[in-house]
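Dear colleague,

I am handing over the structure below, together with some notes on its backbone. Please read them with the coordinates open beside you.

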Amino acid sequence: MSERLRVAVVGLGIGFQHLGAYRKLSDRFEIAAVCDADRSRAELAQGIFRVPFATADFDALLARDGVDVVDVCTPPGLHVPMVRAALASGRHAICEKPLAGSLADVDELAACEAASRGRLLPIFQYRFGRGVARLRRLVAEGVAGRCYLATVETAWRRTADYYAVPWRGRFDTELGGVCTSHAIHAHDLLYSLCGPARSVHARLATRVNPIETEDCAVVSLELASGALAALSATLGSAREISRLRLCFEHLTAESSLEAYAPGAEPWTLTPASADAARRIEECLAGFDPGGEGFVGQLAAFHAALASDAPLPVGVADARAALELVTAIYHSADTGAAVALPIGPGHPKYAGFRPAEGAIHRADGLA
């Protein structure tokens, strides 16, 4: 399948960025419809992107012919039913993070995908950066060697204006705080480079805004490989940065500080020896790291469908990201390290929302 895919974008917050990416890929995608609960936003997007159909009714969208892909960009609490319905209609589905509010829901969506003619692409656009793509190649080819230790920082800023949007800052609608809606990107980058954790210990706090969810976190990981990792995340940083620093056997890799594109260049690769420097140069000679961000991920999605190849990001990747979130919240509940993997017998399999009192709250915050 190499023809243009007709896509409908549902939810026009982050959905506007998706629309911009589809417009850059107009040889592969046609924007067939837009949908938002606020009809005026749908009509605004319709005018900007010259879309033939705009609606505030999701069911009406699904009933419409001429849509191959439903791209769900709504508030997280709506993701599961909308993705389920899109797959049941026989369309491909794309979904923003977090995919779901529990591992049980993720496993249900995996079953829905398996029973559907469509395929499900979770969005993790930070993986699609030219800097991190080069490092991923070095890891895959064995040039980097064993990972020893990694540090991952997500230091962003969110103020009261951000939380004036009613669905933000609440577990029922946003599904979580900094660990679920913000740092999940950088943590996914770590997993894509170094593999998953086997043990997680976390402390969470709400110190920046008077919200229900956490806005500060420190997390200690032992990866399945034996490597160690330290994660820190806050929404109270005056200077916004994202940063990954990974110490491998044959090189040390450091991302840029770009808050919302840490996978992009420049990355600094420091070889451990002259031989490592030679192997790095040889491995990367002629390597095309592909496109960046949403454009890179959506182009890779189209290519995978055209060749019946595995998707560039699959449900298993979203499950791994949410398994880490589940372990973080359970560790905050218990004060103890949590072993992975997490299956149906785990107390948070059906929902990872932390227990009352598990998140330390600063004085004066509700």
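Leu 175 is buried, because its relative accessible area of 12% falls under the 20% limit. In this model, which is predicted rather than determined by experiment, Leu 175 also has a positive phi of about 80 degrees, although the residue is not a glycine. As for its place along the chain, Leu 175 sits in the loop that runs between helix H7 (171-174) and helix H8 (178-182).

Asp 308 is another non-glycine residue with a positive phi, in this case of about 55 degrees. Is Asp 308 buried or exposed? Asp 308 counts as exposed, because its relative accessibility is 67% and the class begins over 50%. The loop in which Asp 308 is found lies between helix H11 (293-307) and helix H12 (315-334).

Cis peptide bonds are the other topic of these notes. One of them joins Glu 265 to Pro 266, where omega is about 0 degrees, and Pro 266 belongs to the loop between strand S12 (251-254) and strand S13 (268-271). The peptide bond that leads from Leu 340 to Pro 341 is likewise cis, with omega near 10 degrees, and Pro 341 is found in the loop between strand S14 (338-339) and strand S15 (360-361).

When you go through the backbone, you may wish to set the buried Leu 175 beside the exposed Asp 308, bearing in mind that both angles come from a predicted model.

With best regards

How values were computed. Residues are numbered from 1 along each chain as its sequence is written. This is a predicted model: local features need pLDDT of at least 70, side-chain atom pairs count only at pLDDT 80 or more; totals for chains, interfaces and linings use all residues. Side-chain values use heavy atoms; hydrogens and water are left out. Helices (H or I, at least four residues) and strands (E, at least two) are DSSP runs, numbered from the N terminus. Buried means under 20% relative accessible area, exposed over 50%, partly exposed in between (1.4 Å probe, protein chains only).
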